[in-house]
Amino acid sequence: MDFNASTSYYVCDLSSFHSYYSRLHGWISLFVCIFGSIANILNILVLTRREMRSPTNIILTGLAVADLLVMIDYIPYAFHLYLYRRSRRDTFTYGWTIFVLFHSNFAQVCHTISICLTLILAVWRYVAVARPQQNREWCSYKRTIFAISIAYIFCPVLCIPVYITTEVRQQVEVLDSNGMSIKSRNESLIGNTTNTTLYFVRLTEMAENHDILKELNFWIYSVVIKLLPCLVLTVVSLKLLQVLLEAKRRRRKLTNIQEQQLEKKKSCRRGDKERQTDRTTMMLLAVLLLFLLTELPQGILGLFSVLLGPGFFSTCYLMLGDVIDMLTLVNSAINFILYCTMSRQFRKTFNELFCKNCKIPRSTAKQICIENNGNTGTNHTVTQVTQV
């Protein structure tokens with residue numbers, strides 16, 4: 001990396017890294033998207049079960065829908081630009097470029113919705129832990145659905161600068177008879193050439209002539225959509241940890257040996273409920289931490305693109321574009337693993353929903369016992385169950 005004083009642009013050479021990673025990005029992103037699509041569908045099916053209904057799970061369902069849309073939208077994009085290799089003439093057609101423009105806008109809107117819902121989730125959980133008496137009133141079902149609806153309506157409006165600063169623009173290139181570029185090839189070995197009109201997603205002329213539009217776009221992306229939510233989530237997460245630690249200290253002070261002996265069953269039930277609350281909070285903290293790890297670098301890179309100029313944007317930010325996409329995809333795909341790992345209720349509902357056939361019904365077990373003349377010897381019973 002070096003600083004070019006004559007142009008006041010910060011320049012870093014990541015072209016070799018970009019060239020190497022772009023060959024892997026298509027297959028990696030396809031795997032993540034397929035896994036993430038299946039995982040988010042499972043999230044929606046489990047979280048919408050009657051026994052799972054709660055304001056927090058409604059937000060998680062809205063989050064899963066937004067993440068699922070990101071996954072589904074990225075699969076054809078990965079095939080188009082990374083996996084389905086063909087000539088420039090067939091790659092940069094008007095139809096495909098329209099799709100790329102739609103992809104860039106649609107994916108940004110869906111991911112912004114995901115970010116907004118993550119903020120709502122953090123605030124809702126903080127109220128549930130820090131203000132349990134007001135939780136039902138402040139975070140009721142109606143207010144939760146209203147907040148989710150506002151996120152789905154407000155985020156497309158927030159992304160308007162993205163729509164008005166990019167468009168499909170045409171460019172004439174000289175291509176060989178196979179539709180390949182001749183810029184980096186020996187002209188003496190090239191036969192017939194043709195002037196071909198290709199189409200690309202570029203900045204609009206208005207954005208190119210007015211730097212304020214480009215800077216506004218980056219400020220909204222890096223500060224409003226990325227850094228500000230990261231700051232809010234950091235503060236809320238620290239507050240959640242503080243409340244959890246204080247609650248544990250209070251429980252230790254209020255619990256004594258005499259109460260445990262007199263109200264053993266009641267205290268056990270209360271302890272189970274408190275542990276379930278703590279586990280849920282820790283799971284959501286893991287979701288928030290993952291969000292910070294994936295979104296904060298993107299916000300910092302976007303901010304540097306504004307502060308350090310076009311040199312940093314073209315030689316560093318664009319070269320890391322595939323990595324930024326991968327961070328977004330991972331953030332959208334991994335929540336299912338967190339839920340299964342950290343939520344006993346989610347695992348229980350998932351097993352009841354998808355693993356019923358793995359368990360032997362009670363009637364079958366009784367029939368086995370009858371056929372065995374009531375013999376309940378361990379080894380013989382195990383053999384019979386295995387055969388069934």
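## Aromatic pairs

Tyr 21 is a buried residue, because its relative accessible area of 13% falls under the 20% limit for that class. This is a predicted model, so please read the values here as properties of that prediction. The structure contains 13 aromatic pairs. One of them joins Phe 17 and Tyr 21, whose ring centres are 6.1 Å apart; the planes meet at 5°, so this pair is stacked. Both residues sit in helix 1 (residues 15–47), and because they are 4 residues apart there, about one helical turn separates them. How accessible is Phe 17? Its relative accessibility is 36%, so Phe 17 counts as partly exposed.

A tilted pair is formed by Tyr 339 and Phe 346: the ring centres lie 5.4 Å apart and the planes are at 55°. That angle is neither under 30 degrees, as stacking would need, nor over 60, as edge-to-face would need, so the tilted class applies. Tyr 339 and Phe 346 are both buried. They also belong to one aromatic cluster, together with Phe 336, Phe 350 and Phe 354.

## The overall fold

Stepping back to the whole chain, the protein has 17 helices and 4 strands. Of its 388 residues, 41% are buried. Among contacts with a sequence separation of 6 or more, 78% link residues that are 24 or more positions apart.

## The cavity

How many cavities of 30 Å³ or more does the protein have? The count comes to 1. The largest cavity holds about 40 Å³ of space. Its lining consists of Leu 63, Asp 67, Ser 114, Thr 118, Val 287, Phe 291, Asn 331 and Asn 335. Helix 2 (55–83), helix 4 (94–130) and helix 11 (264–308) are the elements that each supply two or more of these lining residues.

By class, that lining is made up of 3 nonpolar, 4 polar and 1 charged residues. The charged residue is Asp 67, because Asp is in the charged class and the lining list includes it.

## Around Asp 67

Asp 67 also takes part in a polar contact: its side chain and that of Ser 332 are joined at 3.4 Å. Ser 332 belongs to helix 13 (residues 321–333). Is Ser 332 buried or exposed? With a relative accessibility of 0%, Ser 332 counts as buried. Leaving out residues up to four places away in sequence, Ser 332 touches Asn 40, Asp 67, Val 70, Met 71 and His 111.

Asn 40, one of those partners, lies in helix 1. Asn 40 is buried as well, because its relative accessible area is 1%. With residues up to four places away again set aside, Asn 40 touches Ala 64, Asp 67, Leu 68, Met 71, Ser 332 and Ala 333. Asp 67 and Met 71 therefore appear among the contacts of both Ser 332 and Asn 40.

## Helix 4 and its partners

Helix 4 gives two or more residues to the cavity lining, and it also holds Gln 108 and Tyr 126. Gln 108 is buried, with a relative accessible area of 16%. Beyond its neighbours within four places in sequence, Gln 108 is in contact with His 103, Cys 159, Val 162, Tyr 221 and Ile 225. The C-alpha atoms of Gln 108 and Pro 156 are 8.8 Å apart in space, while the two residues are 48 residues apart in sequence.

Which class does Tyr 126 fall into? At a relative accessible area of 26%, Tyr 126 is partly exposed. Not counting residues up to four places away in sequence, Tyr 126 touches Arg 131, Val 236, Lys 239, Leu 240 and Val 243. Tyr 126 and Thr 281 are separated by 155 residues in sequence and by 8.8 Å in space, C-alpha to C-alpha.

## A view from helix 9

Gln 242 is found in helix 9 (residues 211–254). With a relative accessibility of 41%, Gln 242 counts as partly exposed. Its C-alpha atom is 9.6 Å from that of Ala 130, and the two residues are 112 residues apart along the chain.

Note on methods
Residues numbered from 1 in each chain as written. Predicted model: local features only at pLDDT ≥ 70, side-chain atom pairs only at ≥ 80, totals over all residues. Heavy atoms only, no water. 1 Å grid on protein atoms, 1.4 Å probe; cavity = no way out; pocket = protein on both sides within 12 Å on 5 of 7 lines; lining within 4 Å. Points joined across faces, edges and corners; volume = space filled by probe spheres on them. Buried < 20%, exposed > 50% of the residue type's maximum accessible area, 1.4 Å probe, protein only. Polar contact = N/O pair within 3.5 Å; in protein donor to acceptor, adjacent residues only side chain to side chain. Contact = heavy atoms within 4.5 Å. Phe/Tyr/Trp six-rings, centres within 6.5 Å; stacked < 30°, edge-to-face > 60°.
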